[in-house]
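Visitor: Could you walk me through this protein, one question at a time?
Guide: Gladly! Let us put it on the screen.

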Amino acid sequence: MGRDLTLFMVDWEQLRAFPAQDRIEVLGDKAWPWWLDDLCDLGREWPAGWLWPPGPERAWCAEYVFFTTSGAYWPHLRAGTAWADMRLLVEASVREAMDTFLDRLIWDADPADDLAVAGGGGRVPPATDRWIPHALLACPPAAVHGKARAWERLEPCLGKLRGPFAAECEGWAGRPDTFEAFIALLREWGDVTTEAARHGWGLVGLP
């Protein structure tokens, strides 16, 4: 798709302190502003995991760099498509947990809903400047908490997805290359939602 995913966990109340039209731009300015020059100068490897801004001030957001992808949005989209393909083959209790977990992260239960243009319900509103990107995802703290609880139910059952994945996704273009790659990405999202829920924060993904 030629699109990246820059993911933040965010103190929702702090984000709301900014004017609505500025919130996406403010978060965009938080992406790699402080260590990129040093990284290039020293030839270090690109870090992964949570990146916290330095300094004595209380941080109100942190960026997550995925271990299992290069930062591209495409692997997440493929994983969401894989779930859409296989979900009817998964037993009801696992399907319910996965639906709750993935909805509005990398899969939409209702494709007619478009977060990129949503402005209410606690979501990040679109920027007024047409040069500023819309959000790929915006998940308020209450929804994150629900996803973290769904992940707790889902994680012990991940092995049950192997058969449905093999039947509907294996070898198909636009799907994860392997079941292991699919599960690895799910586990990262599980870690992300668990950590964000622990802070009581929301999630925002920018292209």
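Guide: A word before we start: accessible areas here come from the Shrake-Rupley method with a 1.4 Å probe. Please keep in mind that this is a predicted model.

Visitor: How much of the accessible surface belongs to carbon and sulfur atoms?
Guide: The accessible surface of the protein comes to about 10700 Å². Of that area, the share of carbon and sulfur atoms is 51%.

Visitor: What pattern do the helices and strands follow along the sequence?
Guide: There are eight helices and five strands to place. Read along the sequence, they give β-α-α-α-β-β-α-α-β-α-α-α-β.

Visitor: Which strands stand at the edges of the sheet?
Guide: The five strands form an open, antiparallel sheet in the order β2-β3-β1-β5-β4. A strand with a single partner has one side left without a neighbour in the sheet, so the edges belong to β2 (49-51) and β4 (137-139).

Visitor: And what does the twist average from one strand to the next?
Guide: Following the sheet from strand to strand, the average is 25°.
That sheet includes the antiparallel pair of β1 (residues 6-10) and β3 (residues 61-65), joined over four bridges. In this pair, M9 has as its bridge partner A62.

Visitor: Which helix lies across β1, β2, β3, β4 and β5?
Guide: Helix α6 (residues 141-154) packs on the sheet by touching β4 and β5 (202-206), with its direction at about 85° to that of β4. The helix that lies across β1, β2, β3, β4 and β5 covers residues 179-199 and runs at about 25° to β1. Its name is α8.

Definitions and conventions: Residues are numbered from 1 along each chain as its sequence is written. This is a predicted model: local features need pLDDT of at least 70, side-chain atom pairs count only at pLDDT 80 or more; totals for chains, interfaces and linings use all residues. Side-chain values use heavy atoms; hydrogens and water are left out. Helices (H or I, at least four residues) and strands (E, at least two) are DSSP runs, numbered from the N terminus. Two strands pair if DSSP finds at least two bridges between them. Axes are lines fitted to C-alpha atoms, for helices over the stretch in contact, and angles run from 0 to 180 degrees between N-to-C directions. Contact means heavy atoms within 4.5 Å.
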